[in-house]
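Me: I'd like to go through this one with you, overall build and then the charged side chains. Can you keep the cut-offs explicit as we go?

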Amino acid sequence: MGTGLSVGHLPDESTVTFVRNFVKSAFASAGVEQSLQSFLGRLLSRSPLEKKVNSLIEEWKAGPAEVGYVDTLNEASVVAFLEFTAKLEGTSSDKAIENSKWKNLPYWLQSIWLPLDRFSVDPVVVDIDGMPTLIGTATGLVNDLEAIAAAATIKLRKKPDNFDLMLSDSKAFHSLKVTQLDDETTLRWIWNAYFEGAKLSLLHNRPLWSGG
């Protein structure tokens with residue numbers, strides 16, 4: 001698991017192939033193909049769905065490599081958050097990795113959340129160059145985090161000190177001598193990091209990355 005979240009373009013063709021398949025499946029399950037397909041298109045064997053998916057993929061491949069970055073402290077902090085959410089479900093993190101109801105959490109070596117804001121679709125885990133990779137949606141991640149905040153007794157939405165500084169001026173943040181955060185503050189930091197990362201993904205219409 002990585003220690004930071006990046007919002008930016010799709011970087012390589014091997015990833016693009018898996019993302020394209022995921023988006024096509026999401027669109028098909030939502031009935032997008034039927035709504036797009038005209039009688040003339042069917043007659044000429046043209047696929048508006050394929051065109052729409054390809055257009056979206058090209059948009060995600062374009063632009064700067066990174067339009068946003070969110071610091072998630074370190075791997076131990078992310079693991080602590082996953083252990084915390086597993087306990088909320090009454091289980092352990094090693095069991096939750098396969099069975100959690102919050103399916104968009106970053107249990108895998110690499111995670112990609114796509115800015116699909118109108119579709120309810122479960123994430124998938126694929127092997128990309130030997131790296132187990134979650135492909136989910138930013139909206140799904142937001143929904144999972146909202147449910148976690150509602151289930152927790154800790155006020156996860158409360159941003160820790162310097163969190164907004166980290167978002168607005170990462171250089172100034174990293175120049176600070178920040179002392180080690182206590183357990184509750186660490187959990188609030190990680191919750192807000194993934195929540196803000198997902199919001200940035202939807203705002204910029206760019207995938208959100210963790211790890212890799």
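Me: What is the radius of gyration of the protein, and what would a compact globule have?

Reply: The protein has a radius of gyration of 18 Å, which agrees with the value near 17 Å for a compact globule of 212 residues; the radius is taken over C-alpha atoms, and the globule rule is 2.2 Å times the number of residues to the power 0.38. This is a predicted model, in which local features need pLDDT of at least 70 and side-chain atom pairs count only at pLDDT 80 or more, while totals for chains, interfaces and linings use all residues. Residues are numbered from 1 along each chain as its sequence is written, and side-chain values use heavy atoms, with hydrogens and water left out.

Me: How many helices and strands are there?

Reply: The protein has ten helices and six strands, where helices (H or I, at least four residues) and strands (E, at least two) are DSSP runs numbered from the N terminus.

Me: And what share of the residues is buried?

Reply: Of the 212 residues, 45% count as buried, with buried meaning under 20% relative accessible area, exposed over 50%, and partly exposed in between (1.4 Å probe, protein chains only). As for contacts with a separation of 6 or more, 75% of them come from residues 24 or more positions apart, a contact being heavy atoms within 4.5 Å.

Me: Switching to charges, how many salt bridges are there?

Reply: The count comes to seven salt bridges, each being a side-chain nitrogen of Lys or Arg within 4 Å of a carboxyl oxygen of Asp or Glu.

Me: Which residue does K159 pair with?

Reply: K159 forms a salt bridge with E196, and the closest N and O atoms are 3.6 Å apart. Because K159 lies in the loop between α7 and α8 and E196 in helix α10 (residues 183–204), the pair ties together parts that are 37 residues apart in sequence. K159 is partly exposed at 34% relative accessibility, whereas E196 is buried at 11%.

Me: Which other salt bridge does E196 form?

Reply: E196 also has a salt bridge with K199, where the closest N and O atoms are 3.5 Å apart. Salt bridges that share partners join K159, D164, E196 and K199 into one network. Both E196 and K199 lie in helix α10, three residues apart, or about one turn of the helix.

Me: What about E58, which partner does it have?

Reply: E58 forms a salt bridge with K61, with 3.4 Å between the closest N and O atoms. The two are separated by about one helical turn, because they are three residues apart in helix α4 (residues 48–61). E58 is partly exposed at 42% relative accessibility, and K61 is partly exposed too, with a relative accessible area of 30%.

Me: R20 caught my eye. Is R20 buried or exposed, and what is the nearest side chain of opposite charge?

Reply: R20 is buried yet has no salt bridge, and the nearest side chain of opposite charge, E13, is 4.3 Å away. R20 sits in helix α1 (residues 13–29) and, leaving aside neighbours within four places in sequence, is in contact with E13, V53, N54 and I57.

Me: Last topic, backbone: what is phi of L73, and what about N162?

Reply: Most residues other than glycine have a negative phi. L73 has a positive phi near 70° and lies in the loop between β2 (68–71) and α5 (75–88). N162 has a positive phi of about 75°, in the loop between α7 (138–151) and α8 (163–168). L73 is partly exposed at 28% relative accessibility, and N162 is partly exposed with a relative accessible area of 33%.

Notes. Lys and Arg count as positive and Asp and Glu as negative; His and the chain ends are not counted.
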